[in-house]
Amino acid sequence: MNLSPNLKSFLNEAGDIARFTGRFFSQTIRPRFEWNEFIRQCFVIGYLSLPLVGLTAFIMGLVLTMQLRPSMVDYGVESQLPAIVGIAIVREIGPVITALIFAGKIGSSIGAELGSMKVTEQIDAMEVSGTNPFKYLVVTRVLAATFMLPVLVLLGDSISLYGSYLGVNVKGSTSFYLFWMQVFDNLSFSDVLPAFVKSFFFGFAVGIVGCYKGYNSMKGTEGVGRSANSAVVLSSILIFIIDLLAVQITDALGIN
Amino acid sequence: MTMKERKAINNVKLGFFVVAGLAFLVLVLYMIGRDQSMFGSNYTLKARFDHVQGLVSGNNVRYAGIEAGTVKKVSILNDTVIEVTMLIEKRMLNIIRKNALVSIGTEGLVGNKVVNITPAHEPADFAVEGDILPTRRSVSTDDMLNTLEETNKDIAFIARELKTTVTRINNSSALWNMLSDSGIPNDIRSSVHQIRQATGKANLMVNDLHELVRDVKEGKGSVGALLTDTAFAYNLNQLMMQYQQVGVQADSLAKEMQAMVSSIRQDVNQGPGPVHSLLKDKSISDKLQQSLDNIQKGTDGFNQNMEALKHNFLFRGYFRKLEKKQRKAAAENAATP
(Lines give C-alpha, C1' and ligand atoms only; values in the text may rest on other atoms or scores of the structure.)
Protein backbone atom coordinates (compact mmCIF):
# COMPACT_ATOMS: atom_id res chain seq x y z
CA MET A 1 0.00 0.00 0.00
CA ASN A 2 1.51 3.25 -1.22
CA LEU A 3 -0.30 5.64 1.06
CA SER A 4 1.29 8.85 2.19
CA PRO A 5 2.27 8.81 5.89
CA ASN A 6 -0.25 11.57 6.68
CA LEU A 7 -3.15 9.75 5.07
CA LYS A 8 -2.06 6.53 6.69
CA SER A 9 -1.99 8.07 10.15
CA PHE A 10 -5.33 9.79 9.52
CA LEU A 11 -6.99 6.54 8.51
CA ASN A 12 -5.31 4.79 11.41
CA GLU A 13 -6.70 7.33 13.86
CA ALA A 14 -10.16 7.26 12.27
CA GLY A 15 -10.26 3.50 12.65
CA ASP A 16 -9.05 3.79 16.25
CA ILE A 17 -11.74 6.32 17.09
CA ALA A 18 -14.39 4.11 15.50
CA ARG A 19 -13.20 1.15 17.57
CA PHE A 20 -13.13 3.36 20.68
CA THR A 21 -16.71 4.48 19.98
CA GLY A 22 -17.80 0.88 19.52
CA ARG A 23 -16.18 0.01 22.85
CA PHE A 24 -18.02 2.93 24.46
CA PHE A 25 -21.40 1.58 23.33
CA SER A 26 -20.61 -1.98 24.33
CA GLN A 27 -19.48 -0.80 27.78
CA THR A 28 -22.51 1.50 28.19
CA ILE A 29 -25.13 -1.20 27.74
CA ARG A 30 -23.39 -3.55 30.16
CA PRO A 31 -24.80 -3.41 33.71
CA ARG A 32 -23.36 -1.61 36.69
CA PHE A 33 -23.65 1.98 35.65
CA GLU A 34 -21.53 4.47 37.60
CA TRP A 35 -24.40 6.79 38.59
CA ASN A 36 -22.55 8.87 41.15
CA GLU A 37 -19.66 9.52 38.85
CA PHE A 38 -22.11 10.34 36.02
CA ILE A 39 -23.92 12.92 38.18
CA ARG A 40 -20.64 14.40 39.28
CA GLN A 41 -19.47 14.68 35.68
CA CYS A 42 -22.79 16.26 34.70
CA PHE A 43 -22.23 18.87 37.37
CA VAL A 44 -18.69 19.55 36.25
CA ILE A 45 -19.35 19.43 32.52
CA GLY A 46 -22.78 21.05 32.47
CA TYR A 47 -23.34 23.32 35.40
CA LEU A 48 -19.82 24.68 35.64
CA SER A 49 -19.82 25.50 31.91
CA LEU A 50 -22.92 27.65 32.19
CA PRO A 51 -21.23 30.97 33.07
CA LEU A 52 -18.89 30.74 30.07
CA VAL A 53 -21.64 29.59 27.72
CA GLY A 54 -24.04 32.18 29.08
CA LEU A 55 -21.59 35.02 28.60
CA THR A 56 -20.74 34.07 25.01
CA ALA A 57 -24.40 33.47 24.17
CA PHE A 58 -25.42 36.85 25.59
CA ILE A 59 -22.74 38.66 23.63
CA MET A 60 -23.59 36.70 20.51
CA GLY A 61 -27.27 37.66 20.65
CA LEU A 62 -26.54 41.30 21.35
CA VAL A 63 -23.90 41.64 18.65
CA LEU A 64 -25.84 39.69 16.03
CA THR A 65 -28.87 41.95 16.53
CA MET A 66 -26.85 45.14 16.35
CA GLN A 67 -24.98 43.94 13.28
CA LEU A 68 -28.18 42.92 11.49
CA ARG A 69 -30.04 46.13 12.20
CA PRO A 70 -28.51 48.33 9.46
CA SER A 71 -29.32 45.78 6.75
CA MET A 72 -32.84 45.31 8.07
CA VAL A 73 -33.33 49.07 8.12
CA ASP A 74 -32.08 49.24 4.51
CA TYR A 75 -34.75 46.76 3.48
CA GLY A 76 -37.39 48.48 5.57
CA VAL A 77 -38.06 45.39 7.71
CA GLU A 78 -36.66 46.63 10.99
CA SER A 79 -39.75 45.30 12.74
CA GLN A 80 -38.79 41.79 11.65
CA LEU A 81 -35.47 42.02 13.53
CA PRO A 82 -36.62 39.88 16.50
CA ALA A 83 -37.99 37.23 14.16
CA ILE A 84 -34.86 36.90 12.07
CA VAL A 85 -32.51 37.00 15.05
CA GLY A 86 -34.68 34.46 16.85
CA ILE A 87 -34.53 32.06 13.94
CA ALA A 88 -30.77 32.55 13.50
CA ILE A 89 -30.07 31.91 17.18
CA VAL A 90 -32.36 28.92 17.61
CA ARG A 91 -31.46 27.20 14.36
CA GLU A 92 -27.74 27.75 14.06
CA ILE A 93 -25.90 30.29 16.19
CA GLY A 94 -27.02 28.89 19.56
CA PRO A 95 -26.11 25.23 19.01
CA VAL A 96 -22.89 25.79 17.09
CA ILE A 97 -21.39 28.60 19.18
CA THR A 98 -22.30 26.82 22.41
CA ALA A 99 -20.83 23.56 21.14
CA LEU A 100 -17.59 25.27 20.10
CA ILE A 101 -17.22 26.93 23.50
CA PHE A 102 -18.09 23.59 25.08
CA ALA A 103 -15.43 21.86 22.98
CA GLY A 104 -12.87 24.45 24.04
CA LYS A 105 -13.66 24.07 27.71
CA ILE A 106 -14.75 20.43 28.15
CA GLY A 107 -12.88 18.76 25.29
CA SER A 108 -9.58 20.11 26.49
CA SER A 109 -10.27 19.39 30.15
CA ILE A 110 -11.31 15.78 29.48
CA GLY A 111 -8.31 15.27 27.21
CA ALA A 112 -5.92 16.73 29.75
CA GLU A 113 -7.50 14.93 32.75
CA LEU A 114 -7.56 11.48 31.13
CA GLY A 115 -4.17 12.10 29.50
CA SER A 116 -2.51 12.91 32.79
CA MET A 117 -4.19 9.91 34.40
CA LYS A 118 -2.87 7.78 31.57
CA VAL A 119 0.73 9.04 31.70
CA THR A 120 0.80 8.79 35.49
CA GLU A 121 -0.51 5.23 35.09
CA GLN A 122 -3.56 5.87 37.31
CA ILE A 123 -5.72 4.15 34.70
CA ASP A 124 -3.59 1.05 34.85
CA ALA A 125 -3.77 1.14 38.67
CA MET A 126 -7.56 1.38 38.46
CA GLU A 127 -7.68 -1.70 36.31
CA VAL A 128 -5.53 -3.57 38.81
CA SER A 129 -7.81 -2.52 41.68
CA GLY A 130 -10.80 -4.13 39.96
CA THR A 131 -12.56 -1.01 38.73
CA ASN A 132 -13.42 -0.82 35.04
CA PRO A 133 -11.58 2.40 34.09
CA PHE A 134 -13.37 2.68 30.74
CA LYS A 135 -16.79 2.53 32.43
CA TYR A 136 -15.79 4.83 35.22
CA LEU A 137 -13.87 7.41 33.25
CA VAL A 138 -15.01 7.31 29.63
CA VAL A 139 -18.69 6.25 29.67
CA THR A 140 -19.68 8.72 32.38
CA ARG A 141 -17.88 11.65 30.74
CA VAL A 142 -19.17 10.96 27.23
CA LEU A 143 -22.75 10.52 28.45
CA ALA A 144 -22.49 13.63 30.62
CA ALA A 145 -21.21 15.66 27.66
CA THR A 146 -23.92 14.21 25.39
CA PHE A 147 -26.78 15.12 27.76
CA MET A 148 -25.43 18.37 29.17
CA LEU A 149 -24.66 20.14 25.90
CA PRO A 150 -28.36 20.26 24.77
CA VAL A 151 -29.29 21.76 28.14
CA LEU A 152 -26.49 24.29 27.78
CA VAL A 153 -27.70 25.06 24.24
CA LEU A 154 -31.25 25.67 25.46
CA LEU A 155 -30.15 27.94 28.27
CA GLY A 156 -27.67 29.61 25.92
CA ASP A 157 -30.50 30.26 23.44
CA SER A 158 -32.63 31.91 26.08
CA ILE A 159 -29.73 34.09 27.28
CA SER A 160 -28.88 34.88 23.67
CA LEU A 161 -32.46 35.95 22.96
CA TYR A 162 -32.37 38.19 26.00
CA GLY A 163 -29.16 39.73 24.64
CA SER A 164 -30.94 40.19 21.35
CA TYR A 165 -33.84 41.90 23.12
CA LEU A 166 -31.36 44.36 24.64
CA GLY A 167 -29.76 44.76 21.21
CA VAL A 168 -33.13 45.63 19.65
CA ASN A 169 -33.66 48.21 22.35
CA VAL A 170 -30.28 49.86 21.85
CA LYS A 171 -31.62 51.84 18.91
CA GLY A 172 -35.29 51.04 19.02
CA SER A 173 -38.07 50.43 21.46
CA THR A 174 -39.77 47.08 21.72
CA SER A 175 -41.50 45.71 24.75
CA PHE A 176 -40.22 42.39 26.01
CA TYR A 177 -43.62 40.82 25.41
CA LEU A 178 -43.76 42.01 21.81
CA PHE A 179 -40.21 40.81 21.23
CA TRP A 180 -41.07 37.44 22.70
CA MET A 181 -44.22 37.15 20.59
CA GLN A 182 -42.44 38.15 17.41
CA VAL A 183 -39.74 35.55 18.01
CA PHE A 184 -42.17 32.72 18.64
CA ASP A 185 -44.63 33.71 15.93
CA ASN A 186 -41.90 33.00 13.43
CA LEU A 187 -40.51 29.84 15.00
CA SER A 188 -41.81 26.43 14.21
CA PHE A 189 -41.06 22.93 15.47
CA SER A 190 -38.86 22.40 12.43
CA ASP A 191 -36.65 25.23 13.68
CA VAL A 192 -36.34 24.00 17.26
CA LEU A 193 -36.30 20.21 17.12
CA PRO A 194 -33.50 19.60 14.55
CA ALA A 195 -31.31 22.10 16.41
CA PHE A 196 -32.10 20.35 19.71
CA VAL A 197 -31.36 16.92 18.30
CA LYS A 198 -28.09 17.87 16.66
CA SER A 199 -26.77 19.35 19.91
CA PHE A 200 -26.79 15.80 21.37
CA PHE A 201 -24.46 14.75 18.57
CA PHE A 202 -22.27 17.79 19.18
CA GLY A 203 -21.97 16.84 22.86
CA PHE A 204 -21.29 13.23 22.01
CA ALA A 205 -18.55 14.22 19.55
CA VAL A 206 -16.87 16.48 22.11
CA GLY A 207 -17.04 13.78 24.81
CA ILE A 208 -15.84 10.89 22.71
CA VAL A 209 -12.98 12.82 21.08
CA GLY A 210 -11.81 14.23 24.42
CA CYS A 211 -11.85 10.79 26.04
CA TYR A 212 -10.18 9.13 23.06
CA LYS A 213 -7.35 11.67 22.98
CA GLY A 214 -6.82 11.51 26.72
CA TYR A 215 -7.20 7.73 27.00
CA ASN A 216 -4.60 7.22 24.25
CA SER A 217 -2.24 9.92 25.40
CA MET A 218 1.47 9.03 25.58
CA LYS A 219 4.98 10.38 25.87
CA GLY A 220 4.76 11.92 29.33
CA THR A 221 3.56 15.43 30.15
CA GLU A 222 4.18 16.63 26.58
CA GLY A 223 1.63 14.07 25.40
CA VAL A 224 -0.96 15.45 27.85
CA GLY A 225 -0.79 18.91 26.31
CA ARG A 226 -0.94 17.48 22.83
CA SER A 227 -3.98 15.33 23.59
CA ALA A 228 -5.78 18.33 25.15
CA ASN A 229 -4.99 20.45 22.10
CA SER A 230 -5.90 17.86 19.48
CA ALA A 231 -9.11 17.03 21.36
CA VAL A 232 -10.29 20.63 20.96
CA VAL A 233 -9.22 20.85 17.30
CA LEU A 234 -10.77 17.56 16.26
CA SER A 235 -14.02 18.04 18.18
CA SER A 236 -14.43 21.56 16.73
CA ILE A 237 -14.01 20.18 13.21
CA LEU A 238 -16.44 17.36 14.00
CA ILE A 239 -19.01 19.88 15.24
CA PHE A 240 -18.98 21.61 11.85
CA ILE A 241 -19.07 18.31 9.96
CA ILE A 242 -22.05 17.14 12.05
CA ASP A 243 -23.72 20.51 11.43
CA LEU A 244 -23.24 20.03 7.68
CA LEU A 245 -24.66 16.50 7.83
CA ALA A 246 -27.57 17.64 9.99
CA VAL A 247 -28.66 20.33 7.55
CA GLN A 248 -28.41 17.85 4.67
CA ILE A 249 -30.52 15.32 6.54
CA THR A 250 -33.22 17.80 7.59
CA ASP A 251 -33.29 19.15 4.05
CA ALA A 252 -33.66 15.66 2.61
CA LEU A 253 -36.45 14.88 5.09
CA GLY A 254 -38.19 18.12 4.21
CA ILE A 255 -38.18 19.52 7.76
CA ASN A 256 -36.68 22.90 7.18
CA MET B 1 -18.84 21.21 55.02
CA THR B 2 -18.47 17.52 54.49
CA MET B 3 -17.88 15.94 51.15
CA LYS B 4 -21.35 14.47 51.23
CA GLU B 5 -23.03 17.84 51.89
CA ARG B 6 -21.13 19.50 49.08
CA LYS B 7 -22.14 16.70 46.76
CA ALA B 8 -25.77 17.17 47.68
CA ILE B 9 -25.55 20.91 47.03
CA ASN B 10 -23.88 20.24 43.69
CA ASN B 11 -26.66 17.82 42.80
CA VAL B 12 -29.27 20.46 43.56
CA LYS B 13 -27.44 22.95 41.40
CA LEU B 14 -27.23 20.39 38.61
CA GLY B 15 -30.89 19.59 38.97
CA PHE B 16 -31.79 23.24 38.79
CA PHE B 17 -29.58 23.63 35.72
CA VAL B 18 -31.15 20.70 33.89
CA VAL B 19 -34.71 21.62 34.88
CA ALA B 20 -34.18 25.21 33.74
CA GLY B 21 -32.90 24.04 30.36
CA LEU B 22 -35.73 21.58 29.86
CA ALA B 23 -38.27 24.14 31.07
CA PHE B 24 -37.07 26.51 28.39
CA LEU B 25 -37.41 23.76 25.79
CA VAL B 26 -40.93 22.97 26.94
CA LEU B 27 -41.84 26.65 26.93
CA VAL B 28 -40.54 27.10 23.38
CA LEU B 29 -42.39 24.04 22.16
CA TYR B 30 -45.56 25.14 23.92
CA MET B 31 -45.40 28.63 22.46
CA ILE B 32 -44.94 27.27 18.96
CA GLY B 33 -47.65 24.70 19.49
CA ARG B 34 -50.06 27.33 20.79
CA ASP B 35 -49.39 29.43 17.72
CA GLN B 36 -50.31 26.48 15.59
CA SER B 37 -53.42 25.76 17.66
CA MET B 38 -52.24 22.33 18.70
CA PHE B 39 -53.52 22.66 22.22
CA GLY B 40 -56.86 23.77 23.52
CA SER B 41 -60.25 23.09 22.06
CA ASN B 42 -61.01 24.00 18.51
CA TYR B 43 -63.63 23.45 15.89
CA THR B 44 -63.18 23.28 12.14
CA LEU B 45 -64.61 25.49 9.43
CA LYS B 46 -64.10 25.02 5.73
CA ALA B 47 -63.91 27.26 2.71
CA ARG B 48 -63.53 26.47 -0.95
CA PHE B 49 -61.38 28.46 -3.33
CA ASP B 50 -60.30 28.15 -6.94
CA HIS B 51 -56.83 29.48 -6.08
CA VAL B 52 -55.17 29.54 -2.65
CA GLN B 53 -52.11 31.61 -3.66
CA GLY B 54 -49.57 29.49 -1.79
CA LEU B 55 -51.53 29.01 1.46
CA VAL B 56 -50.13 26.13 3.50
CA SER B 57 -51.04 24.30 6.68
CA GLY B 58 -50.16 26.33 9.75
CA ASN B 59 -50.92 29.75 8.24
CA ASN B 60 -52.92 32.00 10.50
CA VAL B 61 -56.64 32.57 10.29
CA ARG B 62 -57.88 35.98 11.32
CA TYR B 63 -61.40 37.10 12.09
CA ALA B 64 -61.68 40.84 11.44
CA GLY B 65 -57.93 41.07 11.99
CA ILE B 66 -57.84 39.06 15.25
CA GLU B 67 -56.04 35.72 15.45
CA ALA B 68 -58.77 33.11 15.40
CA GLY B 69 -56.97 29.92 14.48
CA THR B 70 -54.80 28.25 11.89
CA VAL B 71 -55.10 26.47 8.58
CA LYS B 72 -55.27 22.76 9.29
CA LYS B 73 -55.32 21.36 5.81
CA VAL B 74 -55.33 22.49 2.19
CA SER B 75 -56.73 19.76 -0.02
CA ILE B 76 -57.62 19.56 -3.68
CA LEU B 77 -61.26 18.48 -4.21
CA ASN B 78 -61.09 18.54 -8.00
CA ASP B 79 -59.26 20.38 -10.73
CA THR B 80 -60.91 23.72 -9.96
CA VAL B 81 -61.91 23.52 -6.29
CA ILE B 82 -59.47 23.62 -3.38
CA GLU B 83 -60.82 23.13 0.11
CA VAL B 84 -59.16 24.88 3.05
CA THR B 85 -59.90 23.39 6.46
CA MET B 86 -59.37 25.83 9.33
CA LEU B 87 -58.99 25.10 13.03
CA ILE B 88 -60.87 27.86 14.82
CA GLU B 89 -60.65 28.52 18.53
CA LYS B 90 -63.77 27.66 20.52
CA ARG B 91 -64.16 31.26 21.71
CA MET B 92 -65.09 32.16 18.14
CA LEU B 93 -68.17 29.87 18.24
CA ASN B 94 -70.46 32.73 19.19
CA ILE B 95 -68.79 35.23 16.88
CA ILE B 96 -68.34 33.77 13.40
CA ARG B 97 -71.60 33.54 11.47
CA LYS B 98 -72.50 31.35 8.52
CA ASN B 99 -72.41 34.25 6.05
CA ALA B 100 -68.95 35.55 7.03
CA LEU B 101 -66.75 35.95 3.96
CA VAL B 102 -63.45 34.09 3.75
CA SER B 103 -60.60 35.46 1.66
CA ILE B 104 -56.88 34.83 1.33
CA GLY B 105 -54.56 37.74 2.00
CA THR B 106 -50.95 38.46 2.74
CA GLU B 107 -49.28 39.69 5.91
CA GLY B 108 -47.68 42.86 4.64
CA LEU B 109 -46.67 43.08 1.01
CA VAL B 110 -44.50 39.97 0.77
CA GLY B 111 -45.24 38.19 4.02
CA ASN B 112 -46.94 34.90 4.84
CA LYS B 113 -50.35 34.09 3.47
CA VAL B 114 -53.21 34.53 5.89
CA VAL B 115 -56.88 33.59 5.79
CA ASN B 116 -59.13 36.54 6.55
CA ILE B 117 -62.67 35.97 7.76
CA THR B 118 -64.70 39.14 7.33
CA PRO B 119 -68.08 39.48 9.05
CA ALA B 120 -71.09 40.14 6.84
CA HIS B 121 -73.60 42.67 8.10
CA GLU B 122 -76.71 40.64 7.31
CA PRO B 123 -78.09 38.45 10.10
CA ALA B 124 -77.32 34.72 10.01
CA ASP B 125 -76.87 31.78 12.36
CA PHE B 126 -73.52 31.12 14.02
CA ALA B 127 -71.21 28.83 12.07
CA VAL B 128 -70.81 25.39 13.61
CA GLU B 129 -68.35 22.52 13.24
CA GLY B 130 -67.70 21.59 9.60
CA ASP B 131 -69.59 24.51 8.02
CA ILE B 132 -68.44 25.70 4.62
CA LEU B 133 -68.22 29.48 4.61
CA PRO B 134 -68.69 31.58 1.46
CA THR B 135 -65.49 32.89 -0.08
CA ARG B 136 -64.46 36.03 -1.82
CA ARG B 137 -61.76 36.13 -4.46
CA SER B 138 -59.13 38.56 -3.29
CA VAL B 139 -56.91 40.63 -5.49
CA SER B 140 -53.70 38.69 -5.77
CA THR B 141 -50.33 40.07 -6.73
CA ASP B 142 -50.62 38.13 -9.99
CA ASP B 143 -53.85 39.94 -10.84
CA MET B 144 -52.23 43.26 -10.03
CA LEU B 145 -49.28 42.41 -12.22
CA ASN B 146 -51.58 41.33 -15.05
CA THR B 147 -53.40 44.64 -14.93
CA LEU B 148 -50.10 46.43 -14.77
CA GLU B 149 -48.95 44.54 -17.85
CA GLU B 150 -52.00 45.71 -19.79
CA THR B 151 -51.29 49.25 -18.69
CA ASN B 152 -47.66 48.86 -19.72
CA LYS B 153 -48.70 47.73 -23.17
CA ASP B 154 -50.97 50.72 -23.53
CA ILE B 155 -48.23 53.05 -22.38
CA ALA B 156 -45.78 51.47 -24.81
CA PHE B 157 -48.27 51.94 -27.66
CA ILE B 158 -48.87 55.57 -26.70
CA ALA B 159 -45.14 56.17 -26.42
CA ARG B 160 -44.60 54.69 -29.88
CA GLU B 161 -47.32 56.87 -31.41
CA LEU B 162 -45.96 59.89 -29.62
CA LYS B 163 -42.51 59.08 -30.93
CA THR B 164 -43.81 58.93 -34.51
CA THR B 165 -45.57 62.24 -34.07
CA VAL B 166 -42.53 63.90 -32.58
CA THR B 167 -40.32 62.49 -35.34
CA ARG B 168 -42.67 63.90 -37.94
CA ILE B 169 -42.68 67.27 -36.25
CA ASN B 170 -38.90 67.21 -36.06
CA ASN B 171 -38.57 66.24 -39.71
CA SER B 172 -40.99 68.94 -40.90
CA SER B 173 -38.72 71.73 -42.19
CA ALA B 174 -41.69 73.98 -42.96
CA LEU B 175 -42.77 73.94 -39.34
CA TRP B 176 -39.26 74.63 -38.09
CA ASN B 177 -38.85 77.48 -40.61
CA MET B 178 -42.09 78.93 -39.42
CA LEU B 179 -41.07 78.54 -35.77
CA SER B 180 -37.63 80.05 -36.35
CA ASP B 181 -38.98 82.99 -38.43
CA SER B 182 -38.99 85.92 -36.04
CA GLY B 183 -41.23 87.97 -38.40
CA ILE B 184 -44.18 85.68 -37.99
CA PRO B 185 -45.04 86.64 -34.45
CA ASN B 186 -45.08 90.30 -35.47
CA ASP B 187 -47.27 89.48 -38.45
CA ILE B 188 -49.60 87.52 -36.30
CA ARG B 189 -49.65 90.30 -33.77
CA SER B 190 -50.56 92.93 -36.39
CA SER B 191 -53.10 90.58 -37.95
CA VAL B 192 -54.71 90.07 -34.61
CA HIS B 193 -54.72 93.83 -34.12
CA GLN B 194 -56.40 94.39 -37.46
CA ILE B 195 -58.90 91.66 -36.82
CA ARG B 196 -59.71 93.36 -33.54
CA GLN B 197 -60.25 96.68 -35.30
CA ALA B 198 -62.37 95.05 -37.99
CA THR B 199 -64.43 93.39 -35.35
CA GLY B 200 -64.95 96.71 -33.65
CA LYS B 201 -66.13 98.28 -36.88
CA ALA B 202 -68.38 95.37 -37.68
CA ASN B 203 -69.84 95.76 -34.25
CA LEU B 204 -70.58 99.43 -34.86
CA MET B 205 -72.06 98.60 -38.25
CA VAL B 206 -74.31 95.98 -36.75
CA ASN B 207 -75.44 98.51 -34.16
CA ASP B 208 -76.25 101.03 -36.90
CA LEU B 209 -78.10 98.44 -38.90
CA HIS B 210 -80.03 97.46 -35.86
CA GLU B 211 -81.00 101.05 -35.25
CA LEU B 212 -82.01 101.50 -38.90
CA VAL B 213 -84.19 98.42 -38.85
CA ARG B 214 -85.83 99.64 -35.70
CA ASP B 215 -86.50 103.04 -37.26
CA VAL B 216 -87.92 101.45 -40.38
CA LYS B 217 -90.16 99.31 -38.24
CA GLU B 218 -91.35 102.37 -36.41
CA GLY B 219 -92.03 104.17 -39.74
CA LYS B 220 -89.36 106.85 -39.40
CA GLY B 221 -87.73 108.27 -42.61
CA SER B 222 -88.81 108.07 -46.26
CA VAL B 223 -88.29 104.36 -46.70
CA GLY B 224 -90.20 103.76 -43.51
CA ALA B 225 -93.00 105.93 -44.74
CA LEU B 226 -92.99 104.19 -48.07
CA LEU B 227 -93.12 100.78 -46.46
CA THR B 228 -95.66 101.66 -43.82
CA ASP B 229 -98.06 103.88 -45.87
CA THR B 230 -101.04 101.66 -46.70
CA ALA B 231 -102.74 104.25 -48.94
CA PHE B 232 -99.76 104.33 -51.20
CA ALA B 233 -99.75 100.57 -51.46
CA TYR B 234 -103.43 100.60 -52.40
CA ASN B 235 -102.84 103.17 -55.14
CA LEU B 236 -99.97 101.22 -56.52
CA ASN B 237 -102.08 98.12 -56.59
CA GLN B 238 -104.88 99.91 -58.47
CA LEU B 239 -102.45 101.27 -60.99
CA MET B 240 -101.04 97.86 -61.64
CA MET B 241 -104.56 96.50 -62.17
CA GLN B 242 -105.33 99.24 -64.65
CA TYR B 243 -102.16 98.54 -66.51
CA GLN B 244 -103.12 94.94 -66.68
CA GLN B 245 -106.52 95.86 -68.14
CA VAL B 246 -104.85 98.07 -70.69
CA GLY B 247 -102.69 95.19 -71.69
CA VAL B 248 -105.68 92.89 -72.10
CA GLN B 249 -107.48 95.41 -74.19
CA ALA B 250 -104.42 96.02 -76.32
CA ASP B 251 -104.25 92.32 -76.88
CA SER B 252 -107.84 92.04 -78.09
CA LEU B 253 -107.26 95.14 -80.22
CA ALA B 254 -104.30 93.48 -81.88
CA LYS B 255 -106.41 90.40 -82.58
CA GLU B 256 -109.15 92.42 -84.12
CA MET B 257 -106.56 94.31 -86.16
CA GLN B 258 -105.16 91.01 -87.32
CA ALA B 259 -108.57 89.75 -88.34
CA MET B 260 -109.23 92.99 -90.08
CA VAL B 261 -105.94 92.90 -91.92
CA SER B 262 -106.57 89.36 -93.08
CA SER B 263 -110.05 90.22 -94.24
CA ILE B 264 -108.64 93.28 -96.04
CA ARG B 265 -106.04 91.13 -97.71
CA GLN B 266 -108.78 88.80 -98.83
CA ASP B 267 -110.84 91.63 -100.07
CA VAL B 268 -107.93 93.15 -101.97
CA ASN B 269 -107.06 89.94 -103.61
CA GLN B 270 -110.55 88.66 -104.45
CA GLY B 271 -112.23 91.75 -105.63
CA PRO B 272 -115.77 91.58 -104.43
CA GLY B 273 -114.70 92.69 -100.85
CA PRO B 274 -114.73 96.29 -99.75
CA VAL B 275 -110.88 96.70 -99.79
CA HIS B 276 -110.67 95.61 -103.31
CA SER B 277 -113.19 98.18 -104.31
CA LEU B 278 -111.42 100.61 -102.02
CA LEU B 279 -108.15 100.27 -103.82
CA LYS B 280 -109.82 100.35 -107.21
CA ASP B 281 -112.40 102.86 -106.39
CA LYS B 282 -111.41 106.55 -106.45
CA SER B 283 -114.19 107.60 -104.15
CA ILE B 284 -112.99 105.23 -101.54
CA SER B 285 -109.55 106.76 -101.81
CA ASP B 286 -111.08 110.09 -101.00
CA LYS B 287 -112.89 108.64 -98.08
CA LEU B 288 -109.65 107.08 -96.85
CA GLN B 289 -107.99 110.45 -97.07
CA GLN B 290 -110.73 111.77 -94.88
CA SER B 291 -110.30 108.89 -92.48
CA LEU B 292 -106.56 109.57 -92.17
CA ASP B 293 -107.41 113.13 -91.31
CA ASN B 294 -109.67 111.79 -88.60
CA ILE B 295 -106.83 109.63 -87.27
CA GLN B 296 -104.61 112.66 -87.19
CA LYS B 297 -107.20 114.34 -85.09
CA GLY B 298 -107.31 111.22 -82.80
CA THR B 299 -103.57 111.36 -82.36
CA ASP B 300 -103.76 114.94 -81.31
CA GLY B 301 -106.33 113.85 -78.76
CA PHE B 302 -103.93 111.22 -77.45
CA ASN B 303 -101.24 113.82 -77.13
CA GLN B 304 -103.59 115.89 -75.11
CA ASN B 305 -104.22 112.84 -72.97
CA MET B 306 -100.50 112.35 -72.45
CA GLU B 307 -100.18 115.93 -71.42
CA ALA B 308 -102.91 115.35 -68.93
CA LEU B 309 -101.03 112.29 -67.62
CA LYS B 310 -98.01 114.42 -67.06
CA HIS B 311 -100.01 116.37 -64.57
CA ASN B 312 -101.11 113.32 -62.70
CA PHE B 313 -99.53 113.37 -59.22
CA LEU B 314 -97.78 110.05 -59.66
CA PHE B 315 -95.78 110.92 -62.68
CA ARG B 316 -95.57 114.60 -62.07
CA GLY B 317 -92.26 114.25 -60.23
CA TYR B 318 -90.69 112.28 -63.02
CA PHE B 319 -91.64 114.71 -65.72
CA ARG B 320 -90.59 117.61 -63.61
CA LYS B 321 -87.18 116.05 -63.08
CA LEU B 322 -86.93 115.47 -66.83
CA GLU B 323 -87.85 119.08 -67.51
CA LYS B 324 -85.28 120.28 -64.97
CA LYS B 325 -82.57 118.22 -66.59
CA GLN B 326 -83.39 119.51 -70.02
CA ARG B 327 -83.38 123.02 -68.72
CA LYS B 328 -80.01 122.51 -67.07
CA ALA B 329 -78.55 121.00 -70.24
CA ALA B 330 -79.88 123.94 -72.24
CA ALA B 331 -78.34 126.37 -69.77
CA GLU B 332 -75.03 124.57 -69.93
CA ASN B 333 -75.17 124.60 -73.73
CA ALA B 334 -75.86 128.31 -73.65
CA ALA B 335 -73.03 128.97 -71.14
CA THR B 336 -70.41 127.11 -73.20
CA PRO B 337 -69.84 128.87 -76.51
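Trainee: Which residues of α7(A) are called buried?

Mentor: The buried residues of α7(A) are A:Phe179, A:Gln182, A:Val183 and A:Phe184. They are called buried because 20 or more other C-beta atoms, placed from the backbone, lie within 10 Å of a buried residue's own; 12 or fewer would make a residue exposed, and a count in between partly exposed. This is a predicted model, in which local features need pLDDT of at least 70, side-chain atom pairs count only at pLDDT 80 or more, and totals for chains, interfaces and linings use all residues. Residues are numbered from 1 along each chain as its sequence is written, while chains are lettered from A and ligands numbered from 1 in the order in which they are written.

Trainee: What do the buried residues of α7(A) pack against?

Mentor: They pack against α4 (81–119) and α6 of chain A, together with α1 (3–35) of chain B. The name α7 follows from DSSP runs, numbered from the N terminus: a helix is a run of H or I of at least four residues, and a strand a run of E of at least two.

Trainee: How many residues of chain A are in contact with chain B?

Mentor: 17 residues of chain A are in contact with 16 residues of chain B. Contact here requires C-beta atoms, placed from the backbone, that lie within 7 Å. The largest share of the side of chain A that touches chain B, four residues, comes from α6(A).

Trainee: What makes a set of residues a nonpolar core, and which members of the largest one touch the most others?

Mentor: A nonpolar core is a set of buried Ala, Val, Leu, Ile, Met, Phe, Trp, Tyr and Cys residues joined through C-beta atoms within 7 Å. The largest has 74 residues, and those touching the most other members include A:Phe102, A:Leu149 and A:Val206. The largest share of this core, 18 residues, comes from α6(A). A second, separate core of 19 residues includes B:Leu45, B:Met86, B:Ala100 and B:Val102.

Trainee: Why are β2(B) and β3(B) said to pair?

Mentor: Two strands pair if DSSP finds at least two bridges between them. Strand β2 (residues 60–63) and strand β3 (residues 66–76) of chain B have four bridges, in the antiparallel sense, so the condition of at least two bridges is met. One bridge partner of B:Val61 is B:Gly69 in β3(B).

Trainee: In which sense do β2(B) and β6 of chain B pair?

Mentor: β2(B) and strand β6 (residues 113–118) of chain B pair in the parallel sense over three bridges. In β6(B), the partner of B:Val61 is B:Val115.

Notes. Contact = placed C-beta atoms within 7 Å.
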